[in-house]
Amino acid sequence: MAKREVWNSKTAFVLAAIGSAIGLGNIWRFPYVTFENGGGAFLVAYFVCLFIAGIPLLMLEFSIGHMTKQAAPGAFAKLRPKMQWFGWFAVGVGFVIVTYYAIIMSWSVNYTWEAATLGWQDNMGQYANVEYALETTELEDMAVLTPVPERFWGTEFTDPVDESLYSIQSTGTFLVAWEGNLYAISSLGNADTFMSSPGDFFFNDFLGLTSEPWDMGTFRWPLLIGFIITWVWIVASVWKGTKTVSKVVFYTVFIPWGLLILFIIRGVTLPGAEAGISYYLTPVWSKLLNADIWLAAISQVFFSLSVGFAIMIAYGSFLPKKTNIAGFAIVIGIADALTAFCGGLAVFSALGYQATKMGVHITEVAQSGPGLAFVAYPHIISNLPGARIFGVLFFLMLLTLAVDSAFSLLEAATASVKDKWKLSHKKANLIVGGLCFLLGLPMLTGSGLYILDIADHFMNSFGLTIVVLVETIMIGWVIGAEKQRDYISDNSSFRIGQWWSICIRWLIPIGIIWMLFTEISARETPYGSFGLRSQEFLFGWLIMILLPIVSDLLANAKGKGKFPENIE
Ligand code: TRP
């Protein structure tokens with residue numbers, strides 16, 4: 001068998017791992033999780049979790065890969081032959097994540113186009129009566145409530161919120177100037193709804209979101225185009241393994257960093273930005289007593305650093321003999337955290353600007369989750385001079401950020417399949433990529449966002465955490481944390497202290513067990529912005545049950561070549 005491929009250079013490895021870590025998690029997930037968990041206090045919790053859990057786990061996963069020279073399934077099989085299934089389980093968790101991650105990427109592909117044409121404003125303005133706009137008030141480009149001049153009383157109009165016909169009253173009708181258009185709105189309540197939900201285009205026109213998860217609505221053909229482009233791009237990026245990856249990461253790490261700097265500068269120089277930044281950076285210390293913050297912080301750290309996905313094990317297995325495991329882990333962990341921090345800065349300053357212009361509190365501008373990147377942010381930038389350019393660059397930034405996270409998982413899965421069945425790299429790529437593509441198709445329907453949301457929730461709360469829990473127990477207690485610590489130190493430019501073993505044996509597993517309990521009990525109540533209920537969680541639990549079954553089947557399938565089970 002050919003020698004295992006290795007990275008062209010140290011830089012290639014570090015960039016590839018950084019590329020995998022930095023992704024949508026840094027630009028939309030991090031800001032909104034921070035936002036929901038009280039700004040500054042969350043930042044503190046996040047950095048604590050980074051040092052206690054994130055970086056030690058990176059060292060752990062790199063060292064497992066380096067030591068066994070195998071992707072996750074082979075690596076676990078080498079440690080304990082019975083544990084092969086668990087390696088597949090880790091691959092499976094990443095596999096589920098990449099199927100919906102690619103969906104978010106495909107939205108970004110479509111939105112790059114929408115940004116160029118300002119398409120997301122299409123459904124705005126249809127209620128506007130240009131006559132009013134010209135004759136009534138001096139319009140600002142932001143929401144302003146004005147009384148209606150007398151000569152318009154009695155005129156009919158359609159309220160953009162409830163879409164029914166009203167006639168203008170002396171009082172009780174409001175004119176709202178929004179993004180250069182004027183809307184007549186029938187009540188103050190509707191005016192509020194209107195201004196705080198600019199998500200119409202995204203949810204209705206773009207996603208065609210149905211009113212409940214069991215209703216699939218229609219298949220969104222335009223989304224398919226973005227989806228195909230996304231998958232071709234992902235598969236092409238890993239076409240020749242580490243060779244292609246080494247080249248691609250160079251662009252996909254530096255381009256988004258450059259763009260991010262641009263957005264920070266644009267953001268912080270906007271009037272009103274301070275409002276957002278101070279919300280972001282001022283810790284309310286008492287909030288640190290709240291368990292939720294810590295749970296949110298630790299799962300964000302796992303997701304963002306790509307630990308618990310089998311990815312870093314595969315990447316570690318491509319490391320040359322002489323290497324610097326601990327040093328790399330620290331550099332990668334810090335680079336990822338700083339990028340998230342900067343992403344937060346860009347987003348929060350823009351939110352501050354919007355809040356100040358609308359004269360509302362910052363909590364009323366932002367929508368969490370996908371809404372932040374696809375609703376609030378687009379609307380803010382479409383008010384800036386050069387809206388199209390900023391819009392296009394923003395989505396290009398998201399895409400270049402996301403693509404190396406996505407292909408890192410493909411690499412991990414492909415390497416596992418290759419190790420076991422000795423397929424050619426290209427074949428393995430097509431099989432894995434093709435499967436993810438097919439599984440993603442249902443998410444292009446009107447209930448796609450619900451499916452995505454549930455999968456995301458279950459994989460983050462249960463998938464990643466279970467993988468990490470088993471890893472820490474296996475290395476910390478079965479194999480021996482001290483033994484592994486020696487291995488890491490021997491393969492690093494400095495020795496790591498005993499703190500590492502304490503984190504792996506005690507802090508991380510205890511933290512996770514506590515977190516799992518909290519999560520399971522919290523699932524009795526509806527969750528998320530859609531108020532998803534228990535029936536819908538069946539789908540989530542189904543994935544959680546299927547994963548180990550499939551993993552076991554894969555582990556027992558007959559392999560070929562140098563896979564551990566065949567040598568032993
Ligand atoms: N770390 C990535 C982020 O912050 C997320 C991620 C990790 C991911 N592994 C992945 C996404 C595998 C898709 C597939 O965005």
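**Exercise 1. In this predicted model, find which helices each supply at least two residues of the shell around the ligand.**

Solution.
Step 1. Start at the N-terminal end of the list: helix 1 (10-21) and helix 2 (24-36) each supply at least two residues of the shell.
Step 2. Continue along the chain. Helix 5 (84-117), helix 12 (291-305) and helix 16 (387-421) each do so too.
Step 3. Count the shell itself: 16 residues surround the ligand. The closest are Ala21, Gly25, Tyr101, Phe303 and Ser304.
Step 4. Sort the shell by residue class. Nine residues are nonpolar, seven are polar and no residue is charged.

**Exercise 2. List polar atoms of Ser20, Asn26 and Phe303 that approach the ligand, with their distances.**

Solution.
Step 1. Take the backbone first. A polar backbone atom of Ser20 is 3.2 Å from a nitrogen atom of the ligand.
Step 2. For Phe303, a backbone N or O atom lies 2.9 Å from a nitrogen atom of the ligand.
Step 3. Turn to a side chain. An N or O atom in the side chain of Asn26 is 3.3 Å from an oxygen atom of the ligand.
Step 4. Apply the cut-off: a polar contact is a pair of N or O atoms within 3.5 Å.
Step 5. Look at how the ligand is covered. On its own the ligand has 360 Å² of accessible area, and the protein covers 100% of it. The space taken by the ligand is the largest cavity.

**Exercise 3. Decide whether Leu410 and Leu399 are buried or exposed, and name a residue distant in sequence that pairs with each of them.**

Solution.
Step 1. Place the residues: Leu410 is in helix 16, and Leu399 is found in helix 16 as well.
Step 2. Read the accessibility. Leu410 has 1% relative accessibility, so this residue counts as buried. Leu399 counts as buried because its relative accessibility is 6%. The cut-off for buried is under 20%.
Step 3. Find the partners. Leu410 and Gly94 are 316 residues apart along the chain, while their C-alpha atoms are separated by 8.8 Å. Leu399 and Val109 are 290 residues apart in sequence, with 7.3 Å between their C-alpha atoms.

**Exercise 4. Compare the setting of Phe157 with that of Trp285: is each buried or exposed?**

Solution.
Step 1. Phe157 lies in strand 2 (residues 156-158), whereas Trp285 lies in the loop between helix 11 (273-281) and helix 12.
Step 2. With a relative accessible area of 6%, Phe157 is buried. Trp285, at 55%, is exposed.
Step 3. Check the contacts along the chain. Phe157 and Tyr183 are 26 residues apart in sequence and 8.9 Å apart from C-alpha to C-alpha. Trp285 and Ala41 are 244 residues apart along the chain, and their C-alpha atoms are separated by 5.9 Å.

**Exercise 5. Locate Lys69 and Lys422 and describe their phi angles.**

Solution.
Step 1. Lys69 is found in the loop between helix 3 (40-68) and helix 4 (72-79). Lys422 lies in the loop between helix 16 and helix 17 (425-440).
Step 2. Phi of Lys69 is positive, about 55 degrees, although Lys69 is not a glycine. Lys422, also a residue other than glycine, has a positive phi near 55 degrees.
Step 3. Add the accessibility. Lys69 counts as partly exposed because its relative accessibility is 32%. Lys422 has a relative accessible area of 48%, so Lys422 is partly exposed.

Notes: Residues are numbered from 1 along each chain as its sequence is written. This is a predicted model: local features need pLDDT of at least 70, side-chain atom pairs count only at pLDDT 80 or more; totals for chains, interfaces and linings use all residues. Side-chain values use heavy atoms; hydrogens and water are left out. A residue is near a molecule or strand if one of its heavy atoms lies within 4 Å of it. A polar contact is a pair of N or O atoms within 3.5 Å; within protein, one must be able to donate a hydrogen and the other to accept it, and residues adjacent in sequence count only if both atoms are side-chain atoms. Accessible areas come from the Shrake-Rupley method with a 1.4 Å probe; for residues, only the protein chains shown count as cover. On a 1 Å grid over the protein atoms alone, a cavity is a set of points where a 1.4 Å probe fits but cannot get out, and a pocket is an open set with protein on both sides within 12 Å along at least five of seven lines; lining residues have an atom within 4 Å of a point. A molecule sits in a cavity or pocket if more than half of its atoms lie within 2 Å of its grid points. Helices (H or I, at least four residues) and strands (E, at least two) are DSSP runs, numbered from the N terminus. Ala, Val, Leu, Ile, Met, Phe, Trp, Tyr, Cys and Pro count as nonpolar, Asp, Glu, Lys and Arg as charged, and the others, Gly among them, as polar. Buried means under 20% relative accessible area, exposed over 50%, partly exposed in between (1.4 Å probe, protein chains only).
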